[in-house]
Amino acid sequence: MNTLRAAALIAAGIVAAAPGAAQQAPETFDVCADPNNLPFSNREGQGFENRLAEIWARELGVEARYTWFPHRRGFERNTLNAQDPVTGEYRCDVIVGVPDNYDLAITTEPYYRSTYALVYVTGRGLEIGSGQELIDLPRTTRDALRIGVFTPGPAADWLARYGMHGQMVPYSALGGDPDVYPGQIIENELVADELDAAIVWGPIAGYFAARAEGVDVAVVPLRSEPGVQFDFAISAGARFGDRETRALLENLIARTTEQTAALLAEYHVPVIAEAPAELVYVTNEDAGTISIISPATQTVIGEVQVGTRPRGVEVSGDGNLVYVALSGSPKCPPTMPDEECARLDVDKSKDGIGVIDARRGTVIEVLPGGSDPEEFDVDAAGTRLYVSNEDADQLSVVDLTTGEVLHTVEVGSEPEGVRLRPDGETVYVTSESDHAVTVVDARSAEVLGTITVGWRPRDSIFSADSARAYVSAEHGSSVAVVDVATSSVLETIALPPGSLPMGLVLSPDEQRLYVANGRARTVSVIELETSEVVAQVEVGARPWGVGLTADGRYLYTANGPSNDVSVIDTESLSVIATIPVGQTPWGIAIGPPPQAF
């Protein structure tokens, strides 16, 4: 450990000086920085990273000293990793701002998160408040735009995704001229009306928009979408292997949180919340899409084209894959006579289980899933799928590794809900026409028996210990409570008149059961200790799929005919948001975001 680092760690209280040893005062806080890259840094110390370095240095009781080099290719080689040829000492030890998990330095925990932003001069004809509004502009208006972007980068990728190649005015992100800095795109071209808009990193957008003279520059933060990441967490960086300096920096960051927040606000940096801990995936049966909702903002942040009639949906444990049931069979509602349904077109080539790469937002393969796959469940290891085949009265067991159908099991008539027991022993398959649940051995695919429940069972769910199961009965207006060990119904919980129970979800503490009531347009809330319905919450039209965040705070219902999702705050038991999605939302799955989201 060099003298500066040791002394700094002592000053920060991270390590103790040896007993009896004289504490050698640290001399400087050595920073690697760009001499001409506002709003981050410059030689005059006017950048917010300069200011932040000064704050950290003051915490240590030392002065900040800089090693300057343009932040281009070779920056780390000429600063952080460069050694004095005479003394062997490194020229600097800290980069104040780098992307979290940067591949050229060891990084601290992030101290802020920002996003790319669209900037434009108001009063010149372009008035938009979001990226989607830009995409939705009339074609003639959109085609006439000149939008400055740095390439390579997410802005260019995003515009290309929406067919706006011709509107891009490219600028090199890796230019070698040290007198050129990214903010000039706003100071010069945008203000001079040579561009209609530009997309730049948020701190650059906020700082230079606020400084623009004679014009009002609007700043529109952009939201990430599957396949295009706009928001990034920013950390401080140290040399690989220098864990002591990283610990020092993390200590400084923790001690100066309020000062950092004030500094970012002073420089007009658009700071956004951390990436969502979960994402909500909603299948839109008639649109052939999946809408992606962020619980952090209760808004749709992306949409994925998946195929025909997507219904059941599940998320892998790591969030990187999303599975969706696709069907080429026609929609035949209960009111349609069987003869009329039989005359409708059927395309079995469209049946399957779509596998979506959640990081890229694309379907990477379609696995066989039997005929007319509707609902399914995935085992904890992510190796098997159990799929209901409604028009064939079967359950298909699919090997996710090989993509093969391992077993085809005859179950009850019109199978729908599929639920794997948490201990992985058995699978419950609800049979709408037989008013029963078929119990299948998860390993051998042998039918172990049936359990008679209420009329037209739709869904089931297990307690975490696999001791109890709950089965909704649409036409029975009830929920059956099943003892799993004996496959017997312990009690039947009656719901309020008119309830048509369908999707089920348990609260994390398993004290409550939430029941989506379909055409009744409500969600029933059952206290399981007393088996009493304690609330009926009105939601959208025909809620079917239902999902709950891991903390139990927000409940989501897919409301088919109203083309939206209701969000219920489970503390107040009130709808706090109604989110428009695609046509005929059907299923809901909630899981972690993909690792690169």
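**Exercise 1.** Which residues form a disulfide, and how far apart are their sulfur atoms?

*Solution.* The model is predicted, so local features need pLDDT of at least 70, side-chain atom pairs count only at pLDDT 80 or more, and totals for chains, interfaces and linings use all residues. Residues are numbered from 1 along each chain as its sequence is written, and side-chain values use heavy atoms, without hydrogens and water.

- Search the whole structure for cysteine sulfur atoms within 2.5 Å: 1 disulfide turns up.
- Identify the pair: Cys32 and Cys92, with sulfur atoms 2.1 Å apart.
- Place the pair: Cys32 sits in strand β1 (residues 28–33), and Cys92 in the loop between α3 (75–78) and β5 (94–99). They are 60 residues apart, so the pair links distant parts of the chain. Helices (H or I, at least four residues) and strands (E, at least two) are DSSP runs, numbered from the N terminus.
- Read the hand: 110° about the S-S bond, right-handed.

**Exercise 2.** Find the residues that touch the most other members of the largest nonpolar core.

*Solution.*

- Define the core: buried (under 20% relative accessible area, 1.4 Å probe, protein chains only) Ala, Val, Leu, Ile, Met, Phe, Trp, Tyr and Cys residues joined through side-chain atoms within 4.5 Å.
- Of its 72 residues, Phe29, Trp56 and Ile199 touch the most other members.
- A second, separate core of 15 residues includes Ile290 and Val324.

**Exercise 3.** Describe the open sheet of 4 strands.

*Solution.*

- Order: β36-β37-β38-β39, with antiparallel pairing. Pairing takes at least two DSSP bridges.
- Edges: β36 (543–548) and β39 (574–580), each paired on one side only.
- Register: 6 bridges join β38 (residues 564–569) to β39. Asp569 stands opposite Ser574 in β39.

How values were computed. Buried < 20%, exposed > 50% of the residue type's maximum accessible area, 1.4 Å probe, protein only.
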